[in-house]
Each structure stands twice: as structure tokens, then as C-alpha cells.
Amino acid sequence: MSGKSNVVLIKDGKRLDGRKFDELRDIKMGVGVLPRAQGSSYLEWGKNKVMAGVYGPRKLHPMFLQNPTKALVRCVYNMAPFSVEDRKRPGPDRRSVEISKICSEALDSVVLSERFPNAVIDIFVEILQADAGTRCAGLTAASMALADAGIPMKDLIASCAAGKVEGEIVLDLMKEEDNYGECDLPIAIIPRKKEFALLQMDGKLSRQEYSKALNLAMDGCLKVYEIQKQTLIDSAKVEAN
Ligand code: ADP
């Protein structure tokens, strides 16, 4: 988020990739892609490519971490070294630790974890290709993998960002917009309750801009939610046949 660039991000009311201000990038998703995982999903969101796998519920070790009233919901977010233009150093860094934490907390807010005392539910989110918005894509994919694993949940988590680019409030920032825009506001919601599971902000917005961006991001989440539900319905139909 530098807010400064020589790159023209908006021209004739259209964005770099031809989208309107309130338009999402193309989204494709599927579930049941990793046979060895309890549940899994694959998501393409613009140029982002993400896989998620769920393992558990299984007994949590070491035992001192166990909670007799609920399961630990543990999400690990990892960006592959080849996922970005300049090779990324492999392994965890401050950013991936932060994203793992916020994803764990968001997913914990929907999983009925009290049904699995002393257990752990591990969710692995692997970013194979990154083009901004990977935390939203990762969370969306993770909740699909949990649903595919048959883990009882209140609802899915649907996630999307809005932000400010060249003074305009826009939906779902791509990499150039994320790098050179003025603000990024990723959110995640529990759609049926319209509750927030994540709200972050990088950059500056006025109060009016903030409320416009929040509403736009909410609309984005609801569109993502429709695609998630349809994907799960389609996969159930394939299984039934
Ligand atoms: P998000 O992917 O959730 O938008 P950030 O705003 O931190 O998270 O990152 C924006 C984008 O910047 C990423 O999607 C990725 O394309 C790029 N990026 C992040 N970390 C790195 C890195 N270590 N090396 C190269 N590019 C990176």
C-alpha cells in the first residue's frame, strides 16, 4: 500500500484488468481434491491459486495443549516459494504467522469445536500462486475444506476485500492495486448471521469511505458465499450419482 505509482490503475472508469469498481475477479472452486485429507478444496480467484486440506478431528499432542471443553482449530497459511514473482524464502515469516492466526480465529468462530473435546482440527492453506487477496482466498478455501470434511459448523466463512485505488472505492484488489493503492480492507463474514469473523485495514480511509468500502466488501462476501454453496451442492450431486 504505497498510494504512489506511475502505473495508471484506473482509466476511463475501468480498472487495469478491465473490471468495474464493484466487480470481483473470476472465481472457480472445487472440493475433494486431496484423497488423503479428511476434506479439501481448490480455489482459483483471479490469478490466485490456493489449496486447502483438513486433517482431524484427532487427539491433540502434546497433551498439555488439550482443552477438555473444545477442540483446537489450527490453521497454517503458507505461501509457496514459487507463488510470487521474486522467489519467496521458504518457511514461516511474520506475515504468514499473522495470517495463520487470524485464519485460525475466524474458522474457530464457525466450527462447533465443543463437540470434539481434547482434539485438534488442522487446516493447511497452501498458496500456490499469489496475486493479492490471498488471506481472503485462503479463508474461503479453508471453510470449503472443513465443509468437505463434514466438520459440523454454524455456517461457512466467506471472505473478500475492498479498498481505495486512485481515490475510488473498489472491490477485490489485484496485485498492482494492492501494491500502489491507498487502502486495502479485507473482511470475512459468517453470512447467515451477518457477523464479522475478520476485519483488517491497511492504509487510510475517511469515515464515509470506510463505510462504503465495508458495504462493498460485504456484498463481495455474499457473492463468494453463493459460489461456495453452489460448489458444495454440485459436489454432493456428483457423489450421489
Ligand atoms: P494478501 O495476499 O492477503 O492481500 P498482503 O496484502 O500481505 O496479503 O500481500 C499482498 C500480495 O503481495 C500477496 O498476495 C502477494 O502477491 C504479494 N506478496 C506478499 N508477500 C510477498 C513476498 N514475501 N514476496 C513477494 N510477494 C509477496
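Which strands does α1 lie across, and at what angle does α1 run to β6? In this predicted model, α1 lies across β6 and β7, and its direction makes about 145° with that of β6. On the same topic of helices against the sheet, helix α4, comprising residues 207-240, packs on the sheet through contacts with β3 and β4 (39-45), and the direction of α4 is at about 35° to that of β3.

The sheet itself is open and consists of 5 strands in the order β3-β4-β5-β7-β6, with mixed pairing. Its edge strands, each of which pairs on one side only, are β3 (27-31) and β6 (72-79), and neighbouring strands are turned against each other by 15° on average when direction is ignored. Within this arrangement, strand β5 (residues 48-59) and strand β7 (residues 119-129) run antiparallel and are joined by 9 bridges, and Tyr-55 has Asp-122 in β7 as its bridge partner.

Helix α1 (residues 94-108) also packs against helix α2 (residues 134-148), the two axes being 10 Å apart and inclined at about 40°. Because angles from 65 to 115 degrees count as roughly perpendicular and those under 35 as roughly parallel, this value makes α1 oblique to α2. The crossing in which α1 passes α2 is right-handed. On the α1 side, the contact is formed by Arg-95, Glu-98, Ile-99, Ile-102, Cys-103, Ala-106 and Leu-107, while α2 contributes Thr-134, Arg-135, Leu-139, Ala-142, Ser-143 and Leu-146. Classified by residue type, this contact of α1 with α2 comprises 8 nonpolar, 2 polar and 3 charged residues.

Note on methods. Residues numbered from 1 in each chain as written. Predicted model: local features only at pLDDT ≥ 70, side-chain atom pairs only at ≥ 80, totals over all residues. Heavy atoms only, no water. Axes fitted to C-alpha atoms, helices over the stretch in contact; angles between N-to-C directions. Helix = DSSP H or I, 4+ residues; strand = E, 2+ residues; numbered from the N terminus. Parallel < 35°, antiparallel > 145°, perpendicular 65-115°, else oblique. Left-handed = near helix turned anticlockwise from the far one by under 90°. Contact = heavy atoms within 4.5 Å. Nonpolar A, V, L, I, M, F, W, Y, C, P; charged D, E, K, R; others polar. Pairing = 2+ DSSP bridges.
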